[in-house]
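Here is a short note to help you find your way around. Please keep the viewer open and follow the points in turn.

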Amino acid sequence: MQMTTGTTVETPSFAGPAESKKIPADGKAIFAFTCCAVGLGSSLLKKTRNNKVLPACAGGLGAFLILSIKSGLNQEFTKQGAGYVGFNAEYGLGFWGAFIFFVAATLYNIWQIVNPIPTD
């Protein structure tokens with residue numbers, strides 16, 4: 001959510017007061033959040049085989065975007081030399097939970113496309 005809405009980070013300064021830096025919202029994070037909303041909303045539609053393609057695609061794209069955000073952050077830290085000073089990005093439960101749910105949603109919807117449930 002911090003990547004979606006933007007946040008302010010305080011960086012310690014060794015020679016003076018701590019500095020705060022505003023980090024703007026990331027377009028990839030906003031798009032991943034949109035994929036989540038579209039996938040969830042479209043999965044609530046009438047359960048037919050064709051209605052599972054959109055949630056599967058939204059889940060796959062969301063998982064790709066989450067990994068793309070992680071890769072971009074790691075490259076940015078390396079580029080700015082933060083890793084050498086001891087600063088590192090931590091990917092906690094929220095990040096990995098979102099990734100796992102995107103992958104699970106994709107696999108579940110693909111399974112429903114391949115093995116449709118008969119309707120009466």
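1. A pocket is a good place to begin, with one reminder: this is a predicted model. By class, the residues lining the second largest pocket are ten nonpolar, five polar and two charged. Glycine is counted with the polar residues here, so keep that in mind when you colour the lining.

2. How much space lies in the second largest pocket? The volume comes to about 290 Å³. The lining is made of 17 residues, and those closest to the centre of the pocket are Cys36, Gly39, Leu40, Phe101 and Ala105.

3. Which elements give two or more residues to that lining? They are helix H2 (27-43), helix H3 (53-80) and helix H5 (93-114). Helix H5 gives the most, with seven residues. If you want to see this pocket from one helix, H5 is a friendly choice.

4. Now step back to the whole chain. The secondary structure comes to five helices and two strands. Read from the N terminus, the order of the elements is α-β-β-α-α-α-α. The chain has 120 residues, and 26% of them count as buried.

5. Glycine 39 is one of the residues closest to the centre of the second largest pocket, and it belongs to helix H2. Is glycine 39 buried or exposed? Its relative accessible area is 10%, and because buried means under 20%, glycine 39 counts as buried. Its C-alpha atom is separated by 9.2 Å from that of glycine 62, which is 23 residues away along the chain.

6. Threonine 106 sits in helix H5. With a relative accessible area of 12%, threonine 106 is under the 20% cut-off and therefore buried. How far apart are the C-alpha atoms of threonine 106 and glycine 59, and what separates them along the chain? The two atoms are 4.8 Å apart in space, while the residues are 47 apart along the chain.

7. Alanine 98 is also in helix H5. Its relative accessible area is 27%, which lies between the 20% and 50% cut-offs, so alanine 98 is partly exposed. Measure from C-alpha to C-alpha in your viewer and you should find alanine 63 at 8.0 Å from alanine 98, with their positions 35 residues apart in sequence.

8. Finally, have a look at the surface. Which residues form a nonpolar patch there? The patch is made of Phe31, Leu61 and Phe64, and together they have about 300 Å² of accessible area. Leucine 61 has its place in helix H3. At a relative accessible area of 33%, leucine 61 is partly exposed. That value is over the 30% that a patch residue needs, so leucine 61 can take part in the patch.

Methods. Residues are numbered from 1 along each chain as its sequence is written. This is a predicted model: local features need pLDDT of at least 70, side-chain atom pairs count only at pLDDT 80 or more; totals for chains, interfaces and linings use all residues. Side-chain values use heavy atoms; hydrogens and water are left out. On a 1 Å grid over the protein atoms alone, a cavity is a set of points where a 1.4 Å probe fits but cannot get out, and a pocket is an open set with protein on both sides within 12 Å along at least five of seven lines; lining residues have an atom within 4 Å of a point. Grid points are joined across faces, edges and corners, and a volume is the space filled by probe spheres set on the points. Helices (H or I, at least four residues) and strands (E, at least two) are DSSP runs, numbered from the N terminus. Patches are made of residues with over 30% relative accessible area and no salt bridge: like charges are joined within 9 Å, nonpolar side chains (Val, Leu, Ile, Met, Phe, Trp, Tyr) within 5 Å. Accessible areas come from the Shrake-Rupley method with a 1.4 Å probe; for residues, only the protein chains shown count as cover. A salt bridge is a side-chain nitrogen of Lys or Arg within 4 Å of a carboxyl oxygen of Asp or Glu. Buried means under 20% relative accessible area, exposed over 50%, partly exposed in between (1.4 Å probe, protein chains only).
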